[in-house]
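Subject: Structure for you to look at

Hello,

Here is the structure I promised. Please open it and keep it on screen while you read my notes below.

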Protein chains: 2
Amino acid sequence: MSERTTSAVADKPTPTMRDVAQLAGVSVTSVSNYLSDYPYMKQTTRERIRQAIEMLGYVTDERARSLRSGRTGLISLAIPSLTQIYFAELAERVIAAARRRGYGVTVESTAFSRRHELESVAAMARKMSDGLILSPLLMERRDIARLAGDYPLVVLGECLFDVPAPHILVHNIDAVKALTQHLLDAGCRRIALIGGALDRRRTSTETLRTQGYLEALAQADVPVDAKLIRPIPAWETDEEAKDDASGGAGYVGRGIATRRNGSEIVRRMFEEGIKADALLCYNDLLAFGALRQLREMGVRIPDDLRVVSMDNLEEAQYTIPSLTSVELGKEQIAQCAVDAILEQVAGGGRGAAEQRYVDFSIHYRESSPAVA
Amino acid sequence: MSERTTSAVADKPTPTMRDVAQLAGVSVTSVSNYLSDYPYMKQTTRERIRQAIEMLGYVTDERARSLRSGRTGLISLAIPSLTQIYFAELAERVIAAARRRGYGVTVESTAFSRRHELESVAAMARKMSDGLILSPLLMERRDIARLAGDYPLVVLGECLFDVPAPHILVHNIDAVKALTQHLLDAGCRRIALIGGALDRRRTSTETLRTQGYLEALAQADVPVDAKLIRPIPAWETDEEAKDDASGGAGYVGRGIATRRNGSEIVRRMFEEGIKADALLCYNDLLAFGALRQLREMGVRIPDDLRVVSMDNLEEAQYTIPSLTSVELGKEQIAQCAVDAILEQVAGGGRGAAEQRYVDFSIHYRESSPAVA
DNA sequence: ATGAAAGCGCTAACAC
DNA sequence: GTGTTAGCGCTTTCAT
């Protein structure tokens, strides 16, 4: 069917290990050994093989190698979306960490869809990658059973708990507590939680962060005003997510942290006449939108209102004013996740269900300078 | 070495096609045929196979399939960095487009390094993916020879020309011309080009955009002031890039478009006392930094100064003020690139060296509203 | 309509 | 030290 258009000369197929062995006058085993740095080999043999490989321009076919050895040299990374900058920054670091270990990364954007998250899990059975780094967002308790298997797996974040695999977590509660404490120290008493969630039916990053906020207020004996806890409007704009919601029975729609939602939440809060002296945002994206909206309404930051947030995206340094934000340890998460996968690859199967926490740190900027 | 911790029962290895065939009482060929929707098959056979597959929970091993069939179902995407938001947005679309065609995407971040770009090319010989979508940034003319091969390849952007493969390009010159014309129509006469490049020794996105700017000015008989063309400072902060520069003989260091560089260029320009009534930025990232700096210096936008840019990142809607920017067709590029790869996969080899252009459109926002 | 057999290119026992 | 052999799990002629 296909008529390859190559040079007029007879099609020279890509050389195999057999060709190399033949040219070098040795067996394929020796070539294989040579390639895997087998130590017990005569220097002359080694040299002959080296030359043959060079002459033929031989390169290992990783497909064949993977079929035989069971390893593909690929790790799958399943994240909600690369357009959520946090995940783009995380993915970049995962790719870098994997490369350092000689691995490639297949990125699966699950597009805010539970179905796609489950698909990325199911894909592991197809064996095209050695392990899965999964950052679930919409999977549910009942989906945990599908994570069973003996392939290397690492789960990120707070969407799921009790997963049968290493689980990398950030100190959401402590980080938000520290951030809230910072605002309290600065004298704020009406701290709005932009993107907070009082719904405790399921644990999520939102509910954990809300918990940190509540604990800090409780410790400082500052009363909680429920009106200051502003959830992300559900399904504001996202079609894909809507589709997914209709698919999952009993699924409670949750909103997505976007700049637009950040603006919207702030606009509505002010419309309702709710006064605040600080905004603690669920993440930087919401904060960016909030800053934009506050600016439009002529609110002075940090004089009238302090704004703090979480994720410490690169962009946080360039907003007006620059944004005080918590770095939750992207670099560490990436490195830790890749290492956990490779440990499992080396160990020949699924790792223990331990939880690994990474460190956080507050980066103070103009929107809420550190207090003395 | 490895002591798998599984159930006490004997380890049941993942079922192969042979197991399915055995259980269904047919040959492996029939199972294979079933899986590839072979039409001439008795309904009863089909059903027996279906049941066997279901009972065993059989899933095809893509490694084996790929070794035999030559297809891996994976496309490699090599881009400079996911932290450059433009590329994150592009990658997201490539992943989505590939998924629609049943393909996965291996993302290689070449980290602003010529060496990594060449590595992603060399990796194709290893056959772990069916094709490469390459967005080169630092490769040079002399590297083009390395792109020879009969694997599917698509090249994006203006870093390279005369590549032996389909090449997807955006209308850089025309887009900048249109953008410049818009500023001229608005009455601007001193338009600074932030991130422009007068160096014509090699064609690059920067030089093309600069060309569009110059052409528009020439057509309008507006004199060019070389002081208004502000290049990105070379190697401002990037270590990785520095390494690479030292490696490539005769390599001319180029700067990277970052928010920081955008701020810096504007700061220096004002320090030098150079007056402008508009800023045409090489891309949104530079523009974001520029807006930040202008804001700090108390410049009113668009009253004192108009600002326009290219890339139309999501963020452009949320800056203060929101940014007029050109959409260069990310969606179309992604779809076109994936299709071009798949055409080559189907055709059995490298496609012809045609150039495909995608469309652009200006999105007018606060930083430079459309003029009547 | 279905099956037998021959590998895809490599690695891993195990001989020698 | 090096070679022989037996597959990894699948697709693909080619018979029947």
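Four helices each supply at least two residues of the surface near DNA strand D: α2 (28-35) and α4 (62-69) of chain A, and α2 (28-35) and α4 (62-69) of chain B. Helices (H or I, at least four residues) and strands (E, at least two) are DSSP runs, numbered from the N terminus. The largest share, three residues, comes from α4(B).

Before you go on, note that this is a predicted model: local features need pLDDT of at least 70, side-chain atom pairs count only at pLDDT 80 or more, and totals for chains, interfaces and linings use all residues. Residues are numbered from 1 along each chain as its sequence is written, chains are lettered from A and ligands numbered from 1 in the order in which they are written, and side-chain values use heavy atoms, with hydrogens and water left out.

**DNA strand D**

In total, 22 residues surround strand D. A residue is near a strand if one of its heavy atoms lies within 4 Å of it. The closest are T29(A), T45(A), M17(B), Y58(B) and R65(B). Of the strand D atoms that come within 4 Å of the protein, 62% belong to sugar and phosphate.

Now look at the polar contacts (pairs of N or O atoms within 3.5 Å; within protein, one must be able to donate a hydrogen and the other to accept it, and residues adjacent in sequence count only if both atoms are side-chain atoms). Y58(B) has a side-chain N or O atom 2.4 Å from a phosphate oxygen of strand D. For R65(B), a polar side-chain atom lies 2.5 Å from a phosphate oxygen of strand D. For S32(B), the distance from a side-chain N or O atom to a phosphate oxygen of strand D is 3.1 Å.

By class, this surface has eight nonpolar, nine polar and five charged residues. Ala, Val, Leu, Ile, Met, Phe, Trp, Tyr, Cys and Pro count as nonpolar, Asp, Glu, Lys and Arg as charged, and the others, Gly among them, as polar.

**DNA strand C**

Turn to strand C. Here 21 residues surround the DNA, and the closest are M17(A), Y58(A), R65(A), T45(B) and R68(B). Sugar and phosphate make up 60% of the strand C atoms within 4 Å of the protein.

Which atom of strand C does R68(B) approach? A polar side-chain atom of R68(B) lies 2.8 Å from a base nitrogen. Y58(A) has a polar side-chain atom 2.3 Å from a phosphate oxygen of strand C. For S32(A), that distance to a phosphate oxygen is 3.1 Å. The largest share of the surface near strand C, three residues, comes from α4(A).

**Where the chains meet**

The contact (heavy atoms within 4.5 Å) takes 55 residues from chain A and 54 residues from chain B. The size of an interface is often given as the accessible area lost when the parts come together. Chain A and chain B bury about 5,200 Å² between them, 56% of it on carbon and sulfur atoms. Buried area is the accessible area (1.4 Å probe) that two parts lose on being put together, summed over both.

Four salt bridges link the two chains. A salt bridge is a side-chain nitrogen of Lys or Arg within 4 Å of a carboxyl oxygen of Asp or Glu. R259(A) and E315(B) form a salt bridge, with N to O at 3.6 Å. There are also 23 residue pairs in polar contact across the interface, both at pLDDT 80 or more. On the side of chain A that touches chain B, α5(A) gives the largest share, seven residues.

**Salt bridges elsewhere**

The whole structure has 54 salt bridges over all chains. In chain B, R50(B) pairs with E47(B), with the closest N and O atoms 2.8 Å apart. They are three residues apart in helix α3 (residues 43-56), so about one helical turn separates them. R50(B) is partly exposed at 33% relative accessibility. Buried means under 20% relative accessible area, exposed over 50%, and partly exposed in between (1.4 Å probe, protein chains only).

R65(B) also forms a salt bridge with E62(B), at 3.3 Å from N to O. E62(B) is buried at 16%, whereas R65(B) is partly exposed at 38%. In chain A, a network of salt bridges links R114(A), E140(A), R142(A) and D143(A).

Best wishes
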